[in-house]
Amino acid sequence: MRLRENGVTWQEIDGELVILDLASSTYLTTNGSGAFVAKLLQTDRSAEDLTTALVAEYGVDRAVAARDTEAFLAELRRRELLVGV
């Protein structure tokens, strides 16, 4: 899966990310770890890939990283920002 490119733009501001869906005129803001995951989603990644990257980058517990990854992906799916799901 990866972030949808068509009709989506994003801007990084002070380590956080604002993702704008031009089709629905809605936006999503992320914290630093969300920005990290969103950048990884510029290319195809699995949830497992994202979890592993969060553990490596932030040193968090794998179960916490997996839970946070799934929650973030669920929000992206809800907003129809992912393709290849």
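Let's start with aromatic pairs. A search of this whole structure, which is a predicted model, turns up 1 aromatic pair. The partners are Phe36 and Tyr58. Their ring centres sit 5.7 Å apart. Their planes meet at 85 degrees, so the pair is edge-to-face; the cut-off for that class is over 60 degrees.

Where do Phe36 and Tyr58 lie? Phe36 is in helix α1, residues 32–40. Tyr58 is in helix α2, residues 47–58. The two are 22 residues apart in sequence, so the pair ties together separate parts of the chain. Tyr58 has 41% relative accessibility, so Tyr58 counts as partly exposed.

Next, the sheet. Strands of a sheet pair through backbone hydrogen bonds, either parallel or antiparallel. Here we have an open sheet of 3 strands. The order is β2-β3-β4, and the pairing is antiparallel. Which strands are at the edges? They are β2, residues 8–13, and β4, and each of them pairs on one side only. From one strand to the next, the twist averages 20 degrees.

Take β2 and β3 together. They run antiparallel and are joined by 6 bridges. Look at Trp10: its bridge partner in β3 is Ile19. Ile13 is bridged to Glu16 in β3. The two strands form a hairpin with 2 residues between them. Asp14 in that hairpin takes a positive phi, near 50 degrees.

Now the other side of β3. β3 and β4 are antiparallel too, over 5 bridges. Leu17 stands opposite Thr30 in β4. Leu20 stands opposite Tyr27 in β4. This is also a hairpin, with 4 residues between the strands. Ser25, in the turn, has a positive phi of about 55 degrees.

Stay on β3 for a moment. Its side chains alternate. Which ones are buried? Leu17, Ile19 and Asp21 are buried, and they point to one face. Glu16, Val18 and Leu20 point to the other face and are not buried.

That brings us to the surface. Leu20, Leu22 and Tyr27 form a nonpolar patch there. Together they have about 310 Å² of accessible area. Tyr27 is in strand β4, residues 26–30. At 55% relative accessibility, Tyr27 counts as exposed, because the cut-off for exposed is over 50%.

Ala23 is in the loop between β3, residues 16–21, and β4. Ala23 is exposed, with a relative accessible area of 71%. How far is the C-alpha atom of Ala23 from that of Val8? The separation is 7.8 Å, and the two residues are 15 residues apart along the chain.

On to charges. How many salt bridges does the structure hold? The count is 7. I'll walk through some of them.

One is Arg2 with Asp44. The closest N and O atoms are 3.8 Å apart, and the cut-off is 4 Å. Arg2 is in strand β1, residues 2–3, and Asp44 is in the loop between α1 and α2. They are 42 residues apart in sequence, so this salt bridge ties together separate parts of the chain. Arg2 is partly exposed, at 28% relative accessibility. Asp44 is exposed, at 55%.

Another is Arg4 with Asp21, at 2.8 Å from N to O. Arg4 is in the loop between β1 and β2, and Asp21 is in strand β3. This pair links distant parts of the chain, 17 residues apart. Buried or exposed? Arg4 is buried, and so is Asp21. Recall that Asp21 is among the β3 side chains pointing to the buried face.

Then there is Arg62 with Glu48. Their closest N and O atoms are 2.2 Å apart. Arg62 is in helix α3, residues 62–78, and Glu48 is in helix α2. They are 14 residues apart, and again the pair links distant parts of the chain. Arg62 is partly exposed, with a relative accessible area of 35%. Glu48 is partly exposed as well, at 49%.

Last, a network. Glu75, Arg78 and Arg79 are linked by salt bridges.

Key: Residues are numbered from 1 along each chain as its sequence is written. This is a predicted model: local features need pLDDT of at least 70, side-chain atom pairs count only at pLDDT 80 or more; totals for chains, interfaces and linings use all residues. Side-chain values use heavy atoms; hydrogens and water are left out. Rings of Phe, Tyr and Trp (its six-membered ring) pair if their centres lie within 6.5 Å; planes under 30 degrees apart count as stacked, over 60 as edge-to-face and the rest as tilted. Buried means under 20% relative accessible area, exposed over 50%, partly exposed in between (1.4 Å probe, protein chains only). Patches are made of residues with over 30% relative accessible area and no salt bridge: like charges are joined within 9 Å, nonpolar side chains (Val, Leu, Ile, Met, Phe, Trp, Tyr) within 5 Å. Accessible areas come from the Shrake-Rupley method with a 1.4 Å probe; for residues, only the protein chains shown count as cover. A salt bridge is a side-chain nitrogen of Lys or Arg within 4 Å of a carboxyl oxygen of Asp or Glu. Two strands pair if DSSP finds at least two bridges between them. Axes are lines fitted to C-alpha atoms, for helices over the stretch in contact, and angles run from 0 to 180 degrees between N-to-C directions.
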